[in-house]
Amino acid sequence: GAAIPLASSAAASTNGPASQSASSSLVPGSPSGFKAWHHLRGSAKEVGPLVDRNSQDVHRLAKDLNSLKPVQPGIYHCPADVGGWYEVKFLYAAKRVPIVVTTSGCRWAWNRNHPHKRFWVDPAVLRDLGKAFHRK
């Protein structure tokens, strides 16, 4: 795989671990649901949208995303990016919060509103999304 640089932002380089963890939520507050698409690489195919308003599913996915560890600035040598990604929009009364979860390569997640703040994807997040798509 190619080397992928992840630049530091001023906030990431000045905040210590305690302040980073307080501000590192990918999914703020309590969303009422999520709308998701699974983009399949290589086929230009998109599966979805899936809309899930089951409070247990929404809470579990938000909790798993918010528990991800931040990617530290540096250069990463990632496996080949041969998979796809999930686009997840968490639903609130007056807004949507768009999250991207990659399924291969370095497997990072980020909030599209804060694209320079990346997190390592845990298998639990991929399991939550996979289950949601297989149930519907």
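A residue is called buried when its relative accessible area is under 20%, exposed when it is over 50%, and partly exposed in between. With these cut-offs in hand, Arg 60 makes a good starting point: its relative accessibility is 37%, so Arg 60 counts as partly exposed. The model in which Arg 60 sits is a predicted one, and the paragraphs below walk through its overall plan, its salt bridges and its disulfide.

The overall plan comes first. The chain contains four helices and eight strands. Read from the N terminus, these elements follow the order β-α-α-β-β-α-β-β-β-β-β-α. Of the 136 residues in the chain, 41% are buried. The surface that the chain exposes amounts to about 7700 Å², and 55% of that surface is supplied by carbon and sulfur atoms. Contacts across the sequence can also be counted: among those in the chain with a separation of 6 or more, 64% are made by residues 24 or more positions apart.

A search for salt bridges over the whole structure returned three. One of them takes the reader back to Arg 60, whose partner is Asp 57; the closest N and O atoms of this pair are 3.5 Å apart. Both residues belong to helix α3, where they are three residues apart, about one turn of the helix. Helix α3 itself spans residues 55-66. Is Asp 57 buried or exposed? Its relative accessibility is 10%, which lies under the 20% cut-off, so Asp 57 counts as buried. The salt bridge thus pairs a buried residue, Asp 57, with a partly exposed one, Arg 60. Asp 57 also has a neighbor from another part of the sequence to consider: Phe 34 is 23 residues away along the chain, and the two C-alpha atoms are 9.2 Å apart in space.

Another salt bridge joins Lys 63 and Asp 64, with 3.7 Å between the closest N and O atoms. Here Lys 63 is partly exposed because its relative accessibility is 48%, while Asp 64 is buried because its relative accessible area is 12%.

The remaining pair to describe is Glu 87 with Arg 112, whose closest N and O atoms are 2.8 Å apart. Which parts of the chain does this pair link? Glu 87 is in strand β5 (residues 85-91), and Arg 112 is in the loop between β7 (108-111) and β8 (118-120), so that distant parts of the chain, 25 residues apart, are linked. The accessibility of the two partners can be read in the usual way: Glu 87, at 9%, counts as buried, and Arg 112, with a relative accessible area of 43%, is partly exposed.

Attention now turns to the cysteines. The structure holds one disulfide. In general terms, a disulfide is a covalent bond between the sulfur atoms of two cysteines. In this model the two cysteines are Cys 78 and Cys 106, with an S to S distance of 1.5 Å. The link of Cys 78 and Cys 106 is left-handed, with -60° about the S-S bond. Cys 78 is in the loop between β4 (74-77) and β5, and Cys 106 is in the loop between β6 (96-102) and β7, so the disulfide ties together parts that are 28 residues apart in sequence. Both ends of the link fall under the cut-off for burial: Cys 78 counts as buried at 4% relative accessibility, and Cys 106 is buried with a relative accessible area of 14%.

The surroundings of this disulfide complete the picture. Pro 79 is found in the loop between β4 and β5, the loop that also holds Cys 78. Unlike the buried Cys 78, Pro 79 is exposed because its relative accessible area is 54%. Pro 79 and Cys 106 are 27 residues apart in sequence, yet their C-alpha atoms are 6.6 Å apart in space. On the other side of the link, the loop between β6 and β7 contains Arg 107. Arg 107 is not a glycine, but its phi is positive, at about 50°. With a relative accessibility of 28%, Arg 107 counts as partly exposed.

How values were computed: Residues are numbered from 1 along each chain as its sequence is written. This is a predicted model: local features need pLDDT of at least 70, side-chain atom pairs count only at pLDDT 80 or more; totals for chains, interfaces and linings use all residues. Side-chain values use heavy atoms; hydrogens and water are left out. Helices (H or I, at least four residues) and strands (E, at least two) are DSSP runs, numbered from the N terminus. Buried means under 20% relative accessible area, exposed over 50%, partly exposed in between (1.4 Å probe, protein chains only). A salt bridge is a side-chain nitrogen of Lys or Arg within 4 Å of a carboxyl oxygen of Asp or Glu. Contact means heavy atoms within 4.5 Å. Accessible areas come from the Shrake-Rupley method with a 1.4 Å probe; for residues, only the protein chains shown count as cover. A disulfide is a pair of cysteine sulfur atoms within 2.5 Å.
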